[in-house]
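Hi everyone, thanks for squeezing me in. I'd like to walk you through a structure on the screen, one region at a time. Have a look before I start.

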Amino acid sequence: MKNFAYARATNAAHAINLITQNGRAKFLGGGTNLVDLMRENIEQPDALVDVTGLPDQIEEMTDGAIVIGAAVKNSTVANHHLIREKYPFLAQAIVFGASGQIRNMATVGGNLLQRTRCYYFYDEAANCNKRAPGSGCDALEGFNRIHAILGTSPNCIATHPSDMCVALAALDATVHVEGKNGKREIKFDDFHRLPEDTPHIETDLQADELITSIEIPQNNFAVNSLYRKVRDRASYAFALVSVAVALEVENNAIKNVRLALGGVAHKPWRAFEAEIFLTGKAATEENFRQAAEAELKNAKGFEHNSFKIELAKRTIVSVLSELTENGGAK
Ligand SMILES: Cc1cc2nc3c(=O)[nH]c(=O)nc-3n(C[C@H](O)[C@H](O)[C@H](O)COP(=O)(O)OP(=O)(O)OC[C@H]3O[C@@H](n4cnc5c(N)ncnc54)[C@H](O)[C@@H]3O)c2cc1C
């Protein structure tokens, strides 16, 4: 690992000032992804600005929104009574990720910005447009079992690895950021980008911008919600496919539904097509299947991952069925 400077920020303005002063600096959350990437020489910042001392509160606003500081640890979010009571699938998604030790270190801001687990991204001998723009994508013709089926481009078929972000996408969260040009808000669905021609640009965040908090708007029905993660091992494995659903059924008709997929795209995939199809329809397995078909109609498999298309459809049907029958995970 190459040498780097280190500074600990005391507040957001201090962090932004430090990052602006240092040419190729990066913010440091729990370091559980960034430090691994530095060890592998994939990331080589000149300086690290430690932002773990920034506000780490979870607050409920008067309008019912919940604001989670970017420095809050993943395990703190998962264990918080407000999250468990109002958004159980967010707590589930976090607990299905990584290990207890990693969740105790990892921060909310860092979770959003963790890099893909594509093998070719980590292999310096391989071509990867994300790591070395213009070099090509060895995953296209390589071992692409874990790769994307939605929103891919000929330049990149990597997936976003986060579990937490899938539930946040379903919850219509907002990302609050601050940089040298001031503060702004980014809708969660606009925060992560599809690869298109620039897979190395993964988010809407600018280099000097700090994530300060995530806001979850008031939602009365996500109490009936479920996160299912389908993976090769029961723990300590990234999702092949995951599904986050919040559902409200009234008189057997779907009044409200929020659905997002993980493990299938370069970003957490909000399933708008499925939501539109389901709203107002009867909560039947046939309708769940048709909604899944609608969402996956543009899915494209590669040599080793076409199985994900049917897997995603079945997981959507299974989660919607379970939520309808059991009243969800409370
Ligand atoms: C073995 C292993 C297994 C894992 N399994 C899973 C899994 O199954 N599911 C899952 O979802 N995750 C998994 N993870 C990933 C883990 O969740 C992430 O590593 C973690 O969330 C990153 O958080 P961090 O605070 O450590 O980020 P860091 O590593 O500190 O930073 C990650 C990135 O975020 C940037 N950053 C950090 N904070 C901010 C901020 N406030 N503003 C702007 N930029 C910021 C950093 O500059 C860096 O680019 C696993 C990790 C490991 C090591």
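So, how many residues sit between β10 and β11 in their hairpin? The answer is two, and one residue in that turn, Asn 251, has a positive phi of about 50°. Before I go on, please keep in mind that this is a predicted model.

Let's stay with the strands. β10 covers residues 241-250, and β11 covers residues 253-262. The two run antiparallel and are joined by nine bridges. If you want one pair to look for, Val 249 has Ile 254 in β11 as its bridge partner. β10 also pairs with β9, residues 225-230, again in the antiparallel sense, over six bridges. There the pair to find is Lys 229 with Ser 242 in β10. So is β10 mostly covered or mostly open? Mostly covered: seven of its ten residues are buried.

Asn 251 isn't alone in having a positive phi, so here are two more residues to click on. Ala 98 has a positive phi of about 55°, although it isn't a glycine. You'll find Ala 98 in the loop between α5 (88-95) and α6 (100-105). Asp 172, not a glycine either, has a positive phi of about 55°. Asp 172 sits in the loop between α9 (164-170) and β6 (174-179). As for accessibility, Ala 98 counts as partly exposed because its relative accessibility is 37%. Asp 172 also counts as partly exposed, at 35%.

Now for a loop residue that is buried. Thr 203 lies between α10 (188-191) and β8 (210-216). Why do I call Thr 203 buried? Because its relative accessible area is 12%, and the cut-off for buried is under 20%. What does its side chain reach? The backbone nitrogen of Leu 205, at 3.2 Å. If you leave out its neighbours within four places in sequence, Thr 203 is in contact with Leu 113, Phe 191, His 192 and Arg 193.

On to the empty spaces. How many cavities of 30 Å³ or more does the structure hold? Two. The largest has about 60 Å³ of space. It is lined by 14 residues, and those closest to its centre are Cys 118, Cys 128, Cys 137, Ala 139 and Cys 156. By class, that lining has eight nonpolar, four polar and two charged residues.

The second largest cavity holds about 30 Å³. Which residues line it? Ile 68, Val 77, Leu 90, Val 108, Met 164, Leu 168 and Ile 214. That makes seven nonpolar residues, with no polar and no charged ones.

Last stop, a pocket. The second largest pocket has about 230 Å³ of space. Its lining has 19 residues, and nearest the centre are Ile 146, Ala 237, Phe 238, Ala 239 and Leu 240. The lining divides into nine nonpolar, six polar and four charged residues.

If you take one picture away, let it be β10, with β9 paired to it antiparallel and β11 joined to it through the hairpin. That's everything from me, and I'm happy to rotate the view if anyone wants another look.

Technical notes:
Residues numbered from 1 in each chain as written. Predicted model: local features only at pLDDT ≥ 70, side-chain atom pairs only at ≥ 80, totals over all residues. Heavy atoms only, no water. Helix = DSSP H or I, 4+ residues; strand = E, 2+ residues; numbered from the N terminus. Buried < 20%, exposed > 50% of the residue type's maximum accessible area, 1.4 Å probe, protein only. Polar contact = N/O pair within 3.5 Å; in protein donor to acceptor, adjacent residues only side chain to side chain. Contact = heavy atoms within 4.5 Å. 1 Å grid on protein atoms, 1.4 Å probe; cavity = no way out; pocket = protein on both sides within 12 Å on 5 of 7 lines; lining within 4 Å. Points joined across faces, edges and corners; volume = space filled by probe spheres on them. Nonpolar A, V, L, I, M, F, W, Y, C, P; charged D, E, K, R; others polar. Pairing = 2+ DSSP bridges.
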